[in-house]
Amino acid sequence: MTDATHATGGVAVGQMRGREVRLEQASVTYPNGFTAVHPTDLRIEAGEFFSILGPSGCGKTTILRTVSGFQEPSTGRILIGGEDMAGIGPNGRPTALIFQNLALFPLMTVWENVAFGLEARGMRKAERRRRAEELLALVALTGQEDKKPTELSGGQRQRVAVARGLAVEPAVLLLDEPLSALDLKLRQHMRAELRSIQKKTGVTFIYITHDQGEALTMSDRIAVMNHGRVEQVGPGDEIYATPASAFVASFVGETNAIPGRLKAADGKRAWIETPLGAFTARNPHGVGEGREAMLFIRPEAMRFGDGENRIDARVTRRDLEGAFVNIFAEAGGRELSLHLTNTGDAGRNLDGPQSLTFDTGDALILPKGELARTGKELVEA
Amino acid sequence: MTALIGNIGQMQRSFGSALVSVFFLAVAGWAALLIVFPQLVMLDSSLTRPARQLDSAIAAQLAADAATCITILEQYQPSDAPASPASSGGLAIPSPSTTAPSAGLAIPSPSTTAPSSGGLAIPSPGSTAGSVGGRPYILQCDRTSTELQLVRDEAAGRVLLDVLYDLPKLGVDETAPIDDQIAQAREIGALAEELVVTLRAQEATAFRWSLTNYEVLTAARAIPMEPATLAADSASLENKLYSIVGLRYVEDGVVHKRLALITLARTIVFAIMATALALIICYPIAYNLALKSTKEKAVWLFLGLVIPYAIVELMRVYAWVSIIETNGLFNAVLDWIGVLSIAEGEAIPFKRYPLTVFLVIVYTYILFMAFPIVNVMSTLDRNQIEAARDLGASTWQVHWRVVIPHTKPGIAVGCISTFMLAAGAFSVPRIISRGLQGEWFSQTIYNKYFESGNSEVGAAYAFAFILLCFVIVAIFMRVMNARLKDFVRA
């Protein structure tokens, strides 16, 4: 598999230009009364790689459908490039959608798939074929023009779908979890390819995913959604380091969440009383004294040792993840997780009581709120 | 082929050799008994000259007539004559041992142009008809004559039994005394029986296959009509079309029509149109059912489609009869709202219109179009439709490029079933039209077999019909570019 970055597709790329997408108080309520998306304001910059991240059923796909035109918002407006999209169907919008199952046309050849949008626009066959070849070169599929989609591998089909979407020179490319069907290695490779295609074309990408890894690696900015509401919008680093809510903190990346009550707050820092002891941590949202709150510590911020914040625990399990070691420890009836860099013998021979610690700057106090469901909860749900 | 062998291997693993052998034997037996054998029998029958056209059959008929004549004459008492029922002229006694009805049947001989020539065992014109002298007219005695015309091509001209087989020219002389007449009949009967034996022996060794029956199918019949009627007849659109394709022509001021072929062509054209109409109706219904509706709505729609078909086909047709009758629902409603008056004979004669038969056929068989289309269409990923729309396709383009190509196997199966059912329809044209309009070809075949007792010609008609339908289906599949493999998907 050749990397798409090596492909030549200058002509195809040069003609594209991303546009800004804006949601103004857009909401979607279905006829059965279920509100999939509460009134939402969102501004996606032209040429941005923007991800909408959230658990299944959070309304992210509904937002995508309102932008693509398959779903009219119940209230509010959708603007693309400053133009109100009300009343314009999916075939009239400057968007292209890449479906989760790709929805390639199985009875058409690869090049006919790619050129379908051009055919719909009445372009002559020779011209269509030429454009399809350019786009297939862009996604490194030269030579596969006359195959049927079923004859291609998963990753190749993926790229056909991208080429098909780009063929109509959309201002906005909407991607609905298109990588979820691929296996891990391929998925990681395709992330890089999508990112590179986006950079090259300058088209605005709106990427829907429930996989925080995908969102963090590819996106310029991420919107985290839950229950039809956008909980936080920002660059990946910011979302990871300073989550705006308990949900975001627990959904993006792994974390140890400990409920407690604020004993004292002092500017950006606070002292929280928890069943595991009292700790000091950052308090960016200024949770007030005496309020119920949650303490979040990323596993990689925890280490063995003694310090300002000390937890007495007992190691119960050691999982080797490769680059790091995942240690599980039990304290006050709660399971805590630590990530240690794998230095060969990290975390070995640690049976029995141990003391854990973390730095004040690495721990975060957030208002009490709903947490993302853990894997165990998802299995039982 | 390799795939088939692979499948057999797989079946053996799943069901064991014994069960698989039984299965394949059953399939082979079924195919031989119900498909190959009947077709071969029909083909053989269609290539055989009707037995009663053979010279031996005519000689046998002569022997039978002579025997009957003797029986009647022997019982005849001149004093009873006035009281005898036979005195009213003609004879009501059927001749024994005859296979065909005694009255001359109008079996058209090939390339017959005038209705007068051809036919069966027509008494030679020389013999006198009618009651003269001592006894009333007896048909069988009249026919007891060696001067019988044999069934031959027109080109062969008039061929007489006595001339061809070198028999004395004998007949029963009505004016002779009864005993003499009996003796004459005996002589003729003996000669005829002798001839039957010789001819049967000859015919058994002769090559018996000919295309005569197929020539009957294509034969043109002269339709006598007044010049004024002829002009009107020629002006009708239907007849113009027949003239273009050679099914009708005017020769020496006489209209000729290839009647059997016209019925065949009419049936096929109607069946194709019924199929097309069913497709046009079913496609949007199927699309809504399979791809547009929610599950709950689809269940109701589907039920609505199926319930009418839970009724016996004949009942569905009879339901239409009660609607289109002279005193039926349509006319009653039109009468009631004052458009027409049934009492004054203004009722619309729906059963005389070919359109009625056509529409009832569409109604009767439309589900066979709907089912396969719905089934195949519902397997289409709705995302493909959305993808096409999203890429800018119009509604028409979505259907033409995405939905129809996917549904093609279902459309092909639906069209073939509907076409074959409509072309072979028997109950609908029979019950709806009741002989008040041109018949369906299946009726013609039925009539040949069971009404005119001419199963050899019937077989030729049926075989030609099967062949033509097969060719049409093959052309259709070719045009649709549908492969047998696709039907499995359906």
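The following dialogue asks why certain terms apply to this structure.

Tutor: This is a predicted model, where local features need pLDDT of at least 70 and side-chain atom pairs pLDDT 80 or more, while totals for chains, interfaces and linings use all residues. Residues are numbered from 1 along each chain, with chains lettered from A and ligands numbered from 1 in written order.

Student: Why is A:E151 called exposed?

Tutor: A residue is exposed if 12 or fewer other C-beta atoms, placed from the backbone, lie within 10 Å of its own, buried if 20 or more do, and partly exposed in between. A:E151 has 12 within 10 Å, so A:E151 is exposed. Its place is in the loop between α5 (125-138) and α6 (154-167) of chain A.

Student: What makes β14(A) mostly covered?

Tutor: In this strand, residues 292-297, 5 of 6 residues are buried. Strands are DSSP runs of E, at least two residues; helices are runs of H or I, at least four.

Student: How do you know that β11(A) and β14(A) pair?

Tutor: Pairing takes at least two bridges found by DSSP. Here 6 bridges join the strands, which run antiparallel. In β14(A), A:L295 is the bridge partner of A:I258. β14(A) also pairs with β20(A), antiparallel, over 5 bridges.

Student: What counts as contact between chains A and B?

Tutor: Two residues are in contact if their C-beta atoms, placed from the backbone, lie within 7 Å. By that rule, 17 residues of chain A are in contact with 16 of chain B. On the side of chain A that touches chain B, α4(A) gives the most, with 3 residues.
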